[in-house]
Amino acid sequence: MAGAGARMGLLAVLAGGAAAAAGAAAGVATGRRGARDRPGGLAGAVGRTPLVELPSLSRATGRQIWAKCEHLNATNSVKDRAALGMLRAAEAAGRLGGEGGARGVVEATGGNTGIALAQHCAARGYDVTIVVPSNVSTEKIDQMRTFGAEVVLAPGGVPFADPRHYFPTAQRLAGERGLVFLNQFDNDANFRAHFEGTGPEIWQQMEGKVDAFVAAAGTGGTFAGVSSFLKERREAVRCVLADCPGSGLKAYVETGEFRGSGEGTLQEGIGIGRLTQNFAKAKADAAVFVSDAEALAMAFHLLRHEGLFVGPSAALNVAAAVKAARDLPEGAAVVTVLCDAGERYARKVYTKRWRAREEAAAARRGADDALAFLAPPSGGVGEG
Ligand SMILES: Cc1ncc(COP(=O)(O)O)c(C=O)c1O
């Protein structure tokens with residue numbers, strides 16, 4: 001494995017390449033509204049995130065556990081890449097901004113795409129309406145509104161076919177208002193942001209020494225884009241889908257059929273009950289399940305042993321990486337993704353009330369042996 005110096009050098013090269021790409025894109029489309037990709041603008045701070053090893057977990061597993069710090073993106077989540085990619089694609093197609101394009105966008109999102117769009121639309125001069133399911137944390141909704149987004153709440157837990165679901169609601173609002181419906185679930189620009197960005201960054205930062213990639217899917221953009229890129233480089237890279245309670249994705253990967261239990265989960269933004277066009281491009285070798293209790297135990301482990309304050313899907317990804325490491329030879333390198341930061345869930349997850357609830361649930365169900373070394377979480381960040 002390369003030393004930190006070599007890695008820093010590579011990061012500098014990546015940063016230079018991305019700056020050149022942003023420069024080339026600047027001014028491609030001239031807009032009535034929107035600043036587009038001005039050098040030095042917010043868009044210049046998307047991607048090129050650090051990749052760190054998690055030493056406590058590497059020690060516990062005898063494998064290398066690495067995490068791509070997507071919570072350090074410009075808008076503090078992995079969805080920065082998809083949001084910017086979709087805006088640029090709509091601009092390039094003449095659908096957004098410019099003389100004939102729409103004045104803004106509508107999106108259906110579990111939250112992080114909404115925050116990323118709210119910030120990038122503020123920087124580019126577009127109106128933005130975000131439709132979220134009602135289980136989204138108030139921290140995320142507050143943040144979208146802070147940047148001027150209109151937030152529409154749709155009922156949580158209703159089936160996709162229900163017109164009140166957040167996806168058809170967003171589609172309808174876009175039509176009524178003459179705005180662009182970005183549709184991150186099926187928009188190829190989401191896949192490409194990871195195929196052309198996250199995947200190559202991981203490959204270069206690991207200097208090609210990647211044995212496995214493990215991540216959950218919400219739209220499938222991250223998992224599909226990164227797994228497709230890594231497998232193009234080296235077919236033997238094992239790509240493992242991480243799944244949460246209620247989702248049908250693990251069953252889909254294993255049997256080709258979606259069979260979700262529909263049960264509730266503390267997770268936001270991950271788990272799918274239908275095949276999105278983005279997930280259809282995924283290259284999954286296997287899938288692992290992570291319960292809410294396991295994800296929460298990992299979230300607290302990362303706080304206390306790695307100094308990382310990340311959201312529940314990031315903790316789930318790391319727990320899944322540890323589980324997937326069992327099937328790999330000693331010393332193998334497993335890479336996963338820290339999707340967003342813990343602050344977005346401070347009142348929802350990192351509280352004593354949540355900890356007590358999840359500890360009780362863990363005791364009822366029993367934990368997977370792969371995570372037996374995780375101490376029960378002690379103490380919350382906030383009160384609850
Ligand atoms: C918190 C969180 N984690 C993970 C993901 C999954 O990312 P993707 O949509 O690329 O599958 C999302 C997507 O919205 C998310 O909000």
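A residue is counted here as buried if 20 or more other C-beta atoms lie within 10 Å of its own, the C-beta atoms being placed from the backbone. Gly97, in this predicted model, has 25 other C-beta atoms within 10 Å and is therefore buried. Its place is in the loop between α3 and β3. Tyr126 stands 29 residues from Gly97 in sequence, yet the two C-alpha atoms are 7.7 Å apart in space.

From this loop one may turn to helix α4. The helix has 13 residues and reaches 18 Å from its first C-alpha to its last, close to the 18 Å expected at 1.5 Å a residue. Of these 13 residues, 12 are buried, so α4 is largely enclosed by the rest of the structure. Among the buried residues are Asn112, Thr113 and Gly114, as well as His120, Cys121 and Arg124. The cover over the buried residues of α4 includes helices α3 (79–92) and α5 (138–146) together with strands β3 (104–108) and β4. Just after the helix, Gly125 takes a positive phi of about 85°.

Strands β3 and β4 also belong to an open sheet of four strands, ordered β5-β4-β3-β6 and paired in parallel. At its edges are β5 (150–154) and β6 (180–181), each of which pairs on one side only. Strand β4 (residues 127–133) runs parallel to β5 and is joined to it by five bridges; in one pair of bridge partners, Thr129 is matched with Glu150 of β5.

A further open sheet contains six strands in the order β1-β2-β10-β7-β8-β9, and its pairing is mixed. Because β1 (51–53) and β9 (286–289) stand at the edges with a single partner strand each, one side of each is left without a neighbour in the sheet. On average, neighbouring strands of this sheet are turned by 25° against each other, direction ignored.

Within this sheet, β7 (residues 212–216) and β8 (residues 238–243) run parallel and are joined by five bridges. Ala215 stands opposite Leu241 in β8, and Ala216 stands opposite Ala242 in β8. Helix α8 packs on the sheet and touches β7, β8 and β10 (333–338), its direction making about 170° with that of β7. Helix α11 (residues 312–325) lies across β2 (64–69), β7, β8, β9 and β10, running at about 145° to β7.

Strand β8 is mostly covered, with six of its six residues buried. Arg238, Val240 and Ala242 point one way from the strand, whereas Cys239, Leu241 and Asp243 point the other way, and all are buried.

The surroundings of the ligand bring helices α4 and α8 together in one description. Of the 21 residues around the ligand, those that come nearest are Gly218, Thr222, Gly269, Ser313 and Cys339. Two elements, α4 (112–124) and α8 (221–233), give two or more residues to the shell. The greatest contribution is that of α8, with three residues. By character, the shell divides into 12 polar, six nonpolar and three charged residues. Thus the enclosed helix α4 and the helix α8 that packs on the six-stranded sheet both contribute to the shell around the ligand.

Terms used. Residues are numbered from 1 along each chain as its sequence is written. This is a predicted model: local features need pLDDT of at least 70, side-chain atom pairs count only at pLDDT 80 or more; totals for chains, interfaces and linings use all residues. A residue is near a molecule or strand if its C-beta atom, placed from the backbone, lies within 6 Å of it. Ala, Val, Leu, Ile, Met, Phe, Trp, Tyr, Cys and Pro count as nonpolar, Asp, Glu, Lys and Arg as charged, and the others, Gly among them, as polar. Two strands pair if DSSP finds at least two bridges between them. Axes are lines fitted to C-alpha atoms, for helices over the stretch in contact, and angles run from 0 to 180 degrees between N-to-C directions. Two residues are in contact if their C-beta atoms, placed from the backbone, lie within 7 Å. The expected span of a helix is 1.5 Å times one less than its number of residues.
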